[in-house]
Structures are given as structure tokens and as C-alpha cells.
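User: I would like a close look at one part of this model, with each term explained as you reach it. Please start from a single contact and then work outwards from there.

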Amino acid sequence: MASKSGNVVKGARLVGDYRIRVVFHDGFIGEVDLWPIFEERLGPMTEPFHDPEFFKRVAVDGEMGVVTWPNGYDICSDVLRYYCELGRVATRAELNAHFD
């Protein structure tokens with residue numbers, strides 16, 4: 001999902017099992033462990049992430065400016081930026097409060 005506020009991911013790389021370092025277009029660099037997103041969510045889009053080798057296939061979609069994986073799963077760059085600023089994955093309530 002493309003950004004609504006101008007956040008664009010320029011680069012991302014794995015720095016731990018489920019931790020990525022993300023570079024945004026404005027020079028902001030953040031890190032976040034994304035495992036909490038996948039830990040309890042099971043379904044056709046998230047199930048592959050229970051294999052760390054699949055998670056390692058993270059890439060940046062240059063057109064959309066988001067991190068993505070081969071199955072088409074992506075994370076909105078605004079949400080990812082918020083996670084990086086917090087230093088962790090936000091709860092649903094935190095996301096709702098921040099983006100409302």
C-alpha cells in the first residue's frame with residue numbers, strides 16, 4: 001500500500017531473524033523486529049513468514065516505495081515508519097489512534 005503522507009522506503013535489509021533496517025526517502029533510518037506481526041496471524045498471506053528463510057526474501061518495491069515479499073505481502077510505508085519510530089510493532093489500538 002502506497003504512502004498517504006509521503007513516506008517512501010528507499011532501502012531495506014535484514015539485520016536479525018525478523019529485524020530489518022529501513023531507509024526512507026528523507027534519510028530517516030530505523031530498525032524494527034517484525035516478528036510480532038506474524039507470530040499469531042495465520043492465513044495464506046502470513047503463514048509463509050513462520051519460515052525465517054521466507055522472511056529473508058524481503059525486498060523494496062521501487063514503484064510503490066514499500067517493503068514486500070514474493071507472495072505479494074507488503075507493509076504500508078507510513079505504518080512501517082511509525083513502527084521504526086517506536087522501535088517496535090505497534091498494537092492495533094496504537095495504530096488506530098495514530099492514524100485516525
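User: Over the ring of which residue does the charged end of arginine 81 sit, and how far is that end from the centre of the ring?

Analyst: The charged end of arginine 81 sits over the ring of phenylalanine 24, at 5.2 Å from the centre of that ring (the term requires NZ of Lys or CZ of Arg within 6 Å of the ring centre and within 35 degrees of the ring normal). The model is a predicted one, in which local features need pLDDT of at least 70 and side-chain atom pairs count only at pLDDT 80 or more, while totals for chains, interfaces and linings use all residues. Residues are numbered from 1 along each chain as its sequence is written, and side-chain values use heavy atoms, with hydrogens and water left out.

Arginine 81 belongs to helix α3, which covers residues 77–86 (helices, H or I with at least four residues, and strands, E with at least two, are DSSP runs numbered from the N terminus). With a relative accessible area of 12%, arginine 81 is buried (buried is under 20%, exposed over 50% and partly exposed in between, for a 1.4 Å probe and protein chains only). Once residues up to four places away in sequence are set aside, arginine 81 touches Asn7, Phe24, Asp26 and Phe28 (contact means heavy atoms within 4.5 Å).

From phenylalanine 24 we can step into the strands around it. Strand β2 takes in residues 19–24 and runs antiparallel to β3, to which 5 bridges join it (two strands pair if DSSP finds at least two bridges between them). Within this pairing, arginine 19 stands opposite aspartate 33 of β3. The hairpin that β2 and β3 make has 4 residues between its strands, and in this hairpin glycine 27 takes a positive phi near 95°. Strand β3 itself, residues 29–33, has side chains that alternate: Gly30 and Val32 point to one face and are buried, whereas Ile29, Glu31 and Asp33 point to the other face and are not.

Another arginine in this part of the chain is arginine 13, which has its place in strand β1, residues 9–14. Its relative accessibility is 47%, and arginine 13 therefore counts as partly exposed, while arginine 81, at 12%, is buried. Not counting residues up to four places away in sequence, arginine 13 touches Arg19, Ile20 and Arg21, and Arg19 is the residue that stands opposite aspartate 33. Arginine 13 and aspartate 78 are 65 residues apart along the chain, and 18 Å separates their C-alpha atoms.

Rings also meet other rings in this model, which holds 14 aromatic pairs (rings of Phe, Tyr and Trp, the last by its six-membered ring, pair if their centres lie within 6.5 Å; planes under 30 degrees apart are stacked, over 60 edge-to-face and the rest tilted). One of the pairs is made by phenylalanine 49 and tyrosine 73, which stand edge-to-face at 5.2 Å centre to centre, with 65° between their planes. Phenylalanine 49 lies in the loop between α1 (35–39) and α2 (52–55), and tyrosine 73 in the loop between β5 (66–68) and β6 (74–75), so this pair ties together parts that are 24 residues apart in sequence. Phenylalanine 49 is buried because its relative accessibility is 0%, and tyrosine 73 is buried as well, at 16%. Both residues belong to a cluster that ring pairs link together, made of Tyr18, Trp35, Phe38, Phe49, Phe54, Phe55, Trp69 and Tyr73.

Tyrosine 73 leads on to threonine 68 in strand β5, since the contacts of threonine 68, leaving aside neighbours within four places in sequence, are Arg57, Val58, Ala59, Val60, Asp61, Tyr73 and Asp74. Threonine 68 counts as buried, at 16% relative accessibility. An open sheet of 3 strands has the order β4-β5-β6, with antiparallel pairing. Strands β4 (59–61) and β6 stand at the edges of this sheet with a single partner strand each, so one side of each is left without a neighbour there. Between β4 and β5 there are 3 bridges, and valine 60 stands opposite valine 67 in β5.

Stepping back to the whole chain, its secondary structure comes to 4 helices and 6 strands, which follow the pattern β-β-β-α-α-β-β-β-α-α along the sequence. Buried residues make up 37% of the 100 residues, and the C-alpha atoms fill a box of roughly 30 × 30 × 20 Å along the principal axes. Among contacts between residues at least 6 apart in sequence, 46% join residues at least 24 apart.
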